[in-house]
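Let's take a walk through this structure together. Keep the 3D view open and follow along from stop to stop.

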Amino acid sequence: MSYKEEYRKSIETPEAFWAEKAEAIKWFKTPKTILSKDENGIDRWFADGEMNTAYLALDYHVESGRGDQDALIYDSPVTDTKQRYTYTQLRDAVAKFAGVLKAQGVEKGDRVVIYMPMIAESVIAMLAVARLGAIHSVVFGGFAPHELAVRIDDAEPKVVVTSSCGIEIEKVIAYKPLLDEAIEKSAHKPDSCIIFQRPQVKAEMIAGRDIDWAEAVANAEPADCTPVKATDPLYILYTSGTTGKPKGVVRDNGGHAVALKYSMKAIYNMEPGEVFWAASDVGWVVGHSYIVYGPLLAGCTTVVYEGKPIRTPDAGAFWRVCNEYGVKSLFAAPTAFRAIKKEDPDSELLKAYDLSKLEIVFMAGERLDPPTYHWTKETLGKPVIDHWWQTETGWAICGNLTGIEMLEPKPGSSTVPVSGFNIQILDHEGNELPNGEQGSIAIKLPLPPSCLPTVWGDFERFRTGYLSEFPGYYCSGDGGYKDDDGYIFIMGRTDDVINVAGHRLSTGEMEEIVADHPSVAECAVIGINDPLKGQQPIGLVLLKNGIEVDEKQIEAELVAMVRKEIGAVACFRRAIVVQRLPKTRSGKILRKLLRQIADGHEYNIPSTIDDPASLPEIEEIMGRNGLVS
Ligand code: COA
Ligand code: AMP
């Protein structure tokens, strides 16, 4: 089968295409309705099918004779721990923890928030929630209490699961005080919190609310899998939008399982029994799809790595893991490879390892810049595949279907549309643009299985945020172009979302925090190029009249505020005082122009500008502060 043939079928006869792919999973009730509309008029897949995602990820493999194979390898250089779980062991651990949750009253449809580091128990907690037909919402451990509180208020969990600490290289971060602060701030209060105590920190327990994970598991009855409808939610994952309020992306059970199982072979060329490693975090969509669900649905072995590409202990960490476990496909963010390249440009550390089992390196999360592409390809002597996707889709929109027909990669391109994604490049009016011209990347409806059907509790936000701009299309928020061979080039966001070290962040949210400082009259936060992390946020602030302050002092206060509200992961480290901000006559800050200045690009002065003299002035200030590349 050629890529072209596979893709053509998926677009011309989507129902037949996905009905066939759905046969690859074991349904409790096989769907007869493949594609239908829900009460909001949104396309839904397999609406009358019944299944359970945790069953497919674990029990199914035990029943099919895969029980003694490794399902999960936990490798933690920061605690010097290595641990393996076979499919049987992982299923039993998940069933027990599901019993713990059940004893706390968790039932089908209830929400459970999981705020955990990269340990095996995070995966166990996620699958246990899925086993009960409940809905998990994992919050990345690098987020501060405020962010956790916002998510608790939106998801209204019955139970929160956390760990006593996370470990960031040599820093031990106590999670429990962060959870306590979040619950103090949130209006919604969970009934109980389950705490996994790690030896590095012993969490103080609140009597009547907090439960010790190990004690509860010791007394638990294993719980069975609860059948759910294909369209019932499996999880909510919050992601940054353009405002301070994160969007709860809803993922259904059935479409997700079918798409992910398909992707493991079609995109990643993985067979059951092989080892797949996504070096991400369970707090991000890559972690959900390709640390937890994808590899397990496909009967592969997944690696849960609690470490960094560098300094744990050195820039050979990735090669060590690939060598030790015979990883076949490695998936990580370009930032990770830039970090390795910076520390070990001649890849001296690679010489100690045998990477003969590693076949392909996949990258996503941010644009794969051609220098990083070439370095990785030449260093490893393996194909390097960029693929583009979003929390909203849960799997790649563009990529190289290496399990069907590997196309020749083009540096700077995430190759071609993946099966089911009918990608069009549109101008502002929604007209299709010719090849080579840059525009908004939109996906013609219906979206394939696994894509979000709504934003949790806010369908209107889903409609206005994604479906209204171009009727009949999903608007991705990314810009780019298609070349004459149909290859897609993603050039960056068209909104105020930025990507820092492969982490998606909202500059709008940072602006709301900066604007709250008593001395700040107005501000703009923009993402500028960063040689290591792809982008970094910077603040340009205008002080209130008559305020005389030390600019370094203000910068330190603003940096501390963003760190406290969003978390260290925001990487907000620079805030520069300016005399005025370039605006349109209607008062809108010209953020795109500011980004062009910072990136050292040519720019045209828009006719709508109110005060053209503000531009050379701001260019000079940004240049003086080392913010122009
Ligand atoms: N819990 C608590 N804090 C966290 C955290 C977590 N899970 N993850 C990151 N942080 C903190 C870091 O400790 C750091 O804090 P600091 O400002 O006190 O030093 C801050 O957030 C920024 O983290 P990060 O952007 O990861 O920078 P770093 O300098 O610690 O590491 C890299 C640099 C390149 C090694 C790292 O960014 C990396 O591994 N990037 C790849 C990212 C990735 O895989 N993304 C996957 C998305 S698909
Ligand atoms: P997230 O939802 O966190 O996965 O972030 C999604 C965003 O990351 C996309 O909208 C893109 O802006 C960016 N992104 C992800 N993968 C790529 C890629 N391969 N190339 C360019 N940008 C990417």
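**A walk from the inside out**

Start with Ala257, which is buried: its relative accessible area is 0%. What you're looking at is a predicted model, so treat everything below as a reading of that prediction. Ala257 sits in helix H9, which runs over residues 254–266. What does Ala257 touch, once residues up to four places away in sequence are set aside? The answer is Ile25, Met51, Leu56 and Leu297. You can also look across to Ala230, 27 residues away along the chain, where the C-alpha atom lies 9.0 Å from that of Ala257.

Now zoom out. The protein has 18 helices and 32 strands. Its radius of gyration is 24 Å, close to the 25 Å that the globule rule gives for 629 residues, so the protein is as compact as a globular protein of that length. Along the principal axes, the C-alpha trace spans about 70 × 60 × 60 Å. Of the 629 residues, 61% are buried. And if you take the contacts between residues at least 6 apart in sequence, 70% of them join residues at least 24 apart.

What about the outside? The protein exposes about 23,900 Å², and carbon and sulfur atoms supply 49% of that. As for charge, there are 67 positive and 90 negative side chains, with the centres of the two sets 2 Å apart.

Back inside, find Ser163 in strand S8, residues 159–163. Is Ser163 buried or exposed? It counts as buried, because its relative accessibility is 0%, below the 20% cut-off for that label. The side chain of Ser163 reaches two backbone oxygens: that of Cys165 at 3.1 Å and that of Phe196 at 3.4 Å. Beyond its neighbours within four places in sequence, Ser163 is in contact with a string of residues, among them Tyr115, Met116, Pro117, Tyr175 and Arg198.

Next stop is helix H15, residues 507–514, which is mostly covered, with seven of its eight residues buried. Those buried residues include Glu509 and Glu511, along with Met510, Ile513 and Val514. Have a look at the start of H15 too: there, a side-chain oxygen of Ser506 comes to within 3.3 Å of the backbone nitrogen of Gly508.

Then come a few spots where the backbone is worth a look. Thr312 and Pro313 are joined by a cis peptide bond, with omega about 0°. Pro313 belongs to the loop between strand S17 (301–305) and helix H11 (317–325). Further along, the peptide bond from Leu445 to Pro446 is cis as well, with omega near 0°, and Pro446 is in the loop between strand S25 (439–444) and helix H14 (459–467).

Finally, check the phi angles of two residues. Ile169 has phi near 55°, a positive value in a residue other than glycine. Ile169 is in the loop between strand S9 (165–168) and strand S10 (171–174), and at 19% relative accessibility it counts as buried. Asn269 likewise has a positive phi, near 55°, and is not a glycine. Asn269 brings you back towards the start of the walk, as its place is in the loop between H9 and strand S16 (275–278). With a relative accessible area of 18%, Asn269 is buried.

Technical notes. Residues are numbered from 1 along each chain as its sequence is written. Chains are lettered from A and ligands numbered from 1 in the order in which they are written. This is a predicted model: local features need pLDDT of at least 70, side-chain atom pairs count only at pLDDT 80 or more; totals for chains, interfaces and linings use all residues. Side-chain values use heavy atoms; hydrogens and water are left out. Helices (H or I, at least four residues) and strands (E, at least two) are DSSP runs, numbered from the N terminus. Buried means under 20% relative accessible area, exposed over 50%, partly exposed in between (1.4 Å probe, protein chains only). Contact means heavy atoms within 4.5 Å. The radius of gyration is taken over C-alpha atoms; the globule rule is 2.2 Å times the number of residues to the power 0.38. Accessible areas come from the Shrake-Rupley method with a 1.4 Å probe; for residues, only the protein chains shown count as cover. Lys and Arg count as positive and Asp and Glu as negative; His and the chain ends are not counted. The place of a charge is taken as NZ of Lys, CZ of Arg, CG of Asp or CD of Glu. A polar contact is a pair of N or O atoms within 3.5 Å; within protein, one must be able to donate a hydrogen and the other to accept it, and residues adjacent in sequence count only if both atoms are side-chain atoms.
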